[in-house]
Amino acid sequence: MKLEMGLRKGLERGEFKVYYQPQIDVISGKVIGVEALIRWQHPEWGNISPDEFIPLAEETGLIIPIGEWVLYEACHQNKIWQNTGYPPLRIAVNISSRQFQQNNLVEMVSKTLKETELDPQYLELELTESIIQDSKYAITTMQKLKAMGIHLSIDDFGTGYSSLSYLKLFPIDSLKIDRSFTSNIFADSKDAALVHTIIAMAHNLDLKVIAEGVETQEQLHFLRQRQCNEAQGYFFSRPVSGEELSIFLKNRL
Ligand code: G
Ligand code: G
Ligand code: MN
Ligand code: NA
């Protein structure tokens, strides 16, 4: 209850920020994308993790205005980077299943792209396997987003309980290997086998693969040897503010 009020007020008072984490092409080492991650700093309670407030925002429906705000911020920031002259990046935005179910999602996304003047090819929406509950609706919605030129990926891949058959039905571009697998590559040979198998399966289905939670050079090496396309994690950068990411981009040019 208290947290819910806090969320409502937080949105009005501008307590949310969007942080950005770079996504690196494993072969070239170049930054090719950025994931937008929401942060909440409450004046009294301090930093509250999205793991705590996103589930509540979903329950209360506040994820709709919050998600719309994140999308606008992220697209706007991406356009600023492009106008600054950095090589164009793709901005990846998390869409929760409640947001995905909202009936005007496609219109909202389309409107945001127009307002921020961002070319749709530079937007990626990260969906989780939980959207599959209503697969007919999901496919139609995804087809509309694809028709606009937006990239679609499946986040936290391999952690849900869904069947693999949706992979042939959904018009997606890439899979994001959950960081629980990546972090265990050298601790558990079964995780290593799963990572290797997910990459091979994705490629056989003509999908790109990005590994999350890459923290060491050894993990990156393992992924490169197995032809994983992209990597994201603390090894490259923690999620940082827009200004800090600008410095990161400048230093890598
Ligand atoms: O670093 P991290 O603590 O940012 O994220 C924790 C969880 O919160 C992750 O599962 C992430 O996908 C989710 N998350 C972060 N930002 C957003 C957002 O803007 N929208 C949604 N729906 N989820 C987010
Ligand atoms: O569910 P989603 O993939 O959107 O979650 C991203 C989450 O993972 C965020 O909380 C982000 O801060 C966190 N994260 C990103 N890179 C790393 C990493 O290398 N190690 C760990 N432990 N967490 C990471
Ligand atoms: Mn994500
Ligand atoms: Na994840």
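**Exercise 1.** How many nonpolar, polar and charged residues does the shell around ligand 1 have?

*Solution.* First, some ground rules: this is a predicted model, where local features need pLDDT of at least 70 and side-chain atom pairs count only at pLDDT 80 or more, while totals for chains, interfaces and linings use all residues. Residues are numbered from 1 along each chain as its sequence is written, and chains are lettered from A and ligands numbered from 1 in the order in which they are written.

Step 1: find the neighbours, meaning residues whose C-beta atom, placed from the backbone, lies within 6 Å of the molecule. For ligand 1 they are Leu37, Ile38, Ser49, Pro50, Asp51, Ile54, Gly67, Val70, Asn94, Ser96 and Pro239.

Step 2: sort them. Ala, Val, Leu, Ile, Met, Phe, Trp, Tyr, Cys and Pro count as nonpolar, Asp, Glu, Lys and Arg as charged, and the others, Gly among them, as polar. That gives 6 nonpolar, 4 polar and 1 charged.

Step 3: see where they sit. Strand 2 (31-42), helix 2 (50-60) and helix 3 (63-84) each give two or more residues to this shell, and helix 2 gives the most, with 3. (Helices, H or I with at least four residues, and strands, E with at least two, are DSSP runs numbered from the N terminus.)

**Exercise 2.** Work out which residues come nearest to ligand 2, and how its shell divides by class.

*Solution.* Step 1: of the 13 residues around ligand 2, pick out Gly213, Glu215, Gly233, Tyr234 and Pro239, which come nearest.

Step 2: split the shell by class, and you get 4 nonpolar, 4 polar and 5 charged residues.

**Exercise 3.** Find which residues of helix 6 are buried, and which exposed residues its other face carries.

*Solution.* Step 1: locate the helix, which covers residues 135-147 and reaches 18 Å from its first C-alpha to its last.

Step 2: list the buried residues (20 or more other C-beta atoms within 10 Å of their own; exposed means 12 or fewer, partly exposed in between; C-beta atoms are placed from the backbone). They're Thr141, Met142 and Leu145.

Step 3: look down the axis. The buried residues fall within an arc of 100 degrees (taken from the directions from the helix axis to the C-beta atoms), so they line one face of helix 6.

Step 4: flip to the face turned away from that buried side, and you'll meet the exposed Lys136, Thr140 and Ala147.

Step 5: carry on just past helix 6, where Gly149 takes a positive phi of about 100 degrees.

How values were computed
Expected span 1.5 Å × (residues − 1).
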